[in-house]
Amino acid sequence: MKHVLVIPIAVAVILTLFAWPTAKVGPREVPIGVAGAPAVERVLAAQDGRFEVHRYADEAAARTAIEDREVYGAFTGGKLLTASAASPAITQMLTHAASESGQAAEIEDVVPTTQAGGALAASVLPMVLAGILTGVLAFVTAGGALRRAGLVIAGSVLAGLVATTIIQSWLEVVQGDWLVNAGALSLAVLAIAATVAGLASLFGKAGALAGALTMVFIGNPFSAVAAGPEMLPTPAGAIGQLLPPGAGGNLLRSTGFFDGAAAGQHVAVLAAWAIAGLALVAIAALPRVSRRTTEVAAAV
């Protein structure tokens, strides 16, 4: 009878992880540029930590900052510069604020998203599932460390190529260099697949389950690909950028719309997960560790 309590506890945890970030969406130190608009700067600074104001010498400097993904938008005198490709939610918020206040007579989308750009956020969960499937298949079908690692890498590359064909060539969700986008998606899938395969190699089915649940129930809802990490409640946004789904989704925004601007941090996060996962695969293959892993798997 006590086991019945697992159901409401599981529902509470899962619902909290998925609903909490969405229900509490709002600006939290969102970086916004200001150039020659002192009145707007004072209003933004008085918003109790909602915005992080960056000052620029002129409109050209503010425009460059947006293209480099330093800020989501900028107020420049009588104009509001936005980047819907960076975050449609923040762009909508700034546009509404400008329209309501009358501070910006002209609104320009410096880096616009595509007509189907809203589907980018919907691509995160399939990417997560592809990584989990690749990692599980590598664990189940490949015996040695080299074969297992090879299958993880090959599967991730193939998944990235197929995904790019769908979201760029067919659906036109993103723009940019096709091969670069394929590399971004492949790296994202690899980070997830290597983690799942590594944990499975070291801890058996329990390890694979732990890796999969982390990516689905924490990485996916905390990814902030739809709104932007600064729009999620603390610390969900920051955590999401340290996990493969968030890093992968925002890396694709950089490569798909901003010519790779601000991609370095996301690449580093994904590479760290991929290397760590492959290292676990190699460690699990060591004779002493392998025997211990077999004992743990049998106990589970």
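1. A first place to look is Gly 49, which lies in the loop between helix 2 (38-45) and strand 2 (51-55). The model is a predicted one, and in it Gly 49 is partly exposed, with a relative accessible area of 42%. Once the neighbours within four places in sequence are left aside, Gly 49 is in contact with Arg 28 and Glu 29. A sense of scale comes from Ala 119, which stands 70 residues from Gly 49 along the chain, with 30 Å between the two C-alpha atoms.

2. On the chain as a whole, the secondary structure comes to 12 helices and 5 strands, and the C-alpha trace spans about 70 × 50 × 30 Å along its principal axes. Of the 300 residues in the chain, 46% are buried. Among contacts with a separation of 6 or more, 65% are made by residues 24 or more positions apart. The chain exposes about 14,300 Å², and carbon and sulfur atoms supply 67% of that area.

3. On charge, the chain has 16 positive and 18 negative side chains, and the centres of these two sets lie 20 Å apart. Side chains of opposite charge can pair when their charged atoms come close. The count of salt bridges in this model comes to 6, and the next three points follow several of the residues that take part.

4. Arg 63 forms a salt bridge with Glu 59, in which the closest N and O atoms are 2.7 Å apart. Why are Arg 63 and Glu 59 separated by about one helical turn? The reason is that the two residues are 4 residues apart in helix 3, which places about one helical turn between them. Arg 63 is partly exposed, with a relative accessible area of 22%, and Glu 59 is also partly exposed, its value being 28%.

5. Glu 59 has a further partner, since its side chain meets that of Lys 79 in a salt bridge with an N to O distance of 3.3 Å. Because Glu 59 lies in helix 3 and Lys 79 in strand 4 (residues 79-82), this pair ties together parts that are 20 residues apart in sequence. Is Lys 79 buried or exposed? With a relative accessible area of 14%, Lys 79 is buried, because the term applies to residues under 20%.

6. Lys 79 also meets Glu 108 in a salt bridge, with 3.6 Å from N to O. Here Lys 79 lies in strand 4 and Glu 108 in strand 5 (residues 106-109), so the pair ties together parts that are 29 residues apart in sequence. Glu 108 is partly exposed, with a relative accessible area of 23%. Through salt bridges that share partners, Glu 59, Arg 63, Lys 79, Glu 106 and Glu 108 are joined into one network.

7. Which residues gather in a patch of negative charge on the surface? They are Glu 67, Asp 68, Glu 70 and Asp 259. One of them, Glu 70, has its place in the loop between helix 3 (59-67) and strand 3 (73-76), and at 43% relative accessibility it counts as partly exposed. A residue joins such a patch only if its relative accessible area is over 30% and it has no salt bridge, and the 43% of Glu 70 should be read with that cut-off in mind.

8. Some details of the backbone deserve a careful look, and two of them concern phi. Glu 172 has a phi near 55°, a positive value in a residue other than glycine. Glu 172 is found in the loop between helix 6 (145-170) and helix 7 (178-203), where it is exposed, with a relative accessible area of 52%. Ala 262 has a positive phi of about 60°, although it is not a glycine. The place of Ala 262 is in the loop between helix 10 (244-257) and helix 11 (264-284), and at 40% relative accessibility it counts as partly exposed.

9. A last backbone detail concerns a peptide bond. The bond from Thr 234 to Pro 235 is cis, with omega near 0°, and Pro 235 has its place in the loop between helix 8 (205-219) and helix 9 (236-241).

Key
Residues numbered from 1 in each chain as written. Predicted model: local features only at pLDDT ≥ 70, side-chain atom pairs only at ≥ 80, totals over all residues. Heavy atoms only, no water. Patch = residues over 30% accessible without salt bridge, like charges linked within 9 Å, V, L, I, M, F, W, Y side chains within 5 Å. Areas by Shrake-Rupley, 256 points an atom, 1.4 Å probe, with all protein chains shown as cover. Salt bridge = Lys/Arg side-chain N within 4 Å of Asp/Glu carboxyl O. Lys, Arg positive; Asp, Glu negative; His and termini not counted. Charge placed at Lys NZ, Arg CZ, Asp CG, Glu CD. Buried < 20%, exposed > 50% of the residue type's maximum accessible area, 1.4 Å probe, protein only. Contact = heavy atoms within 4.5 Å.
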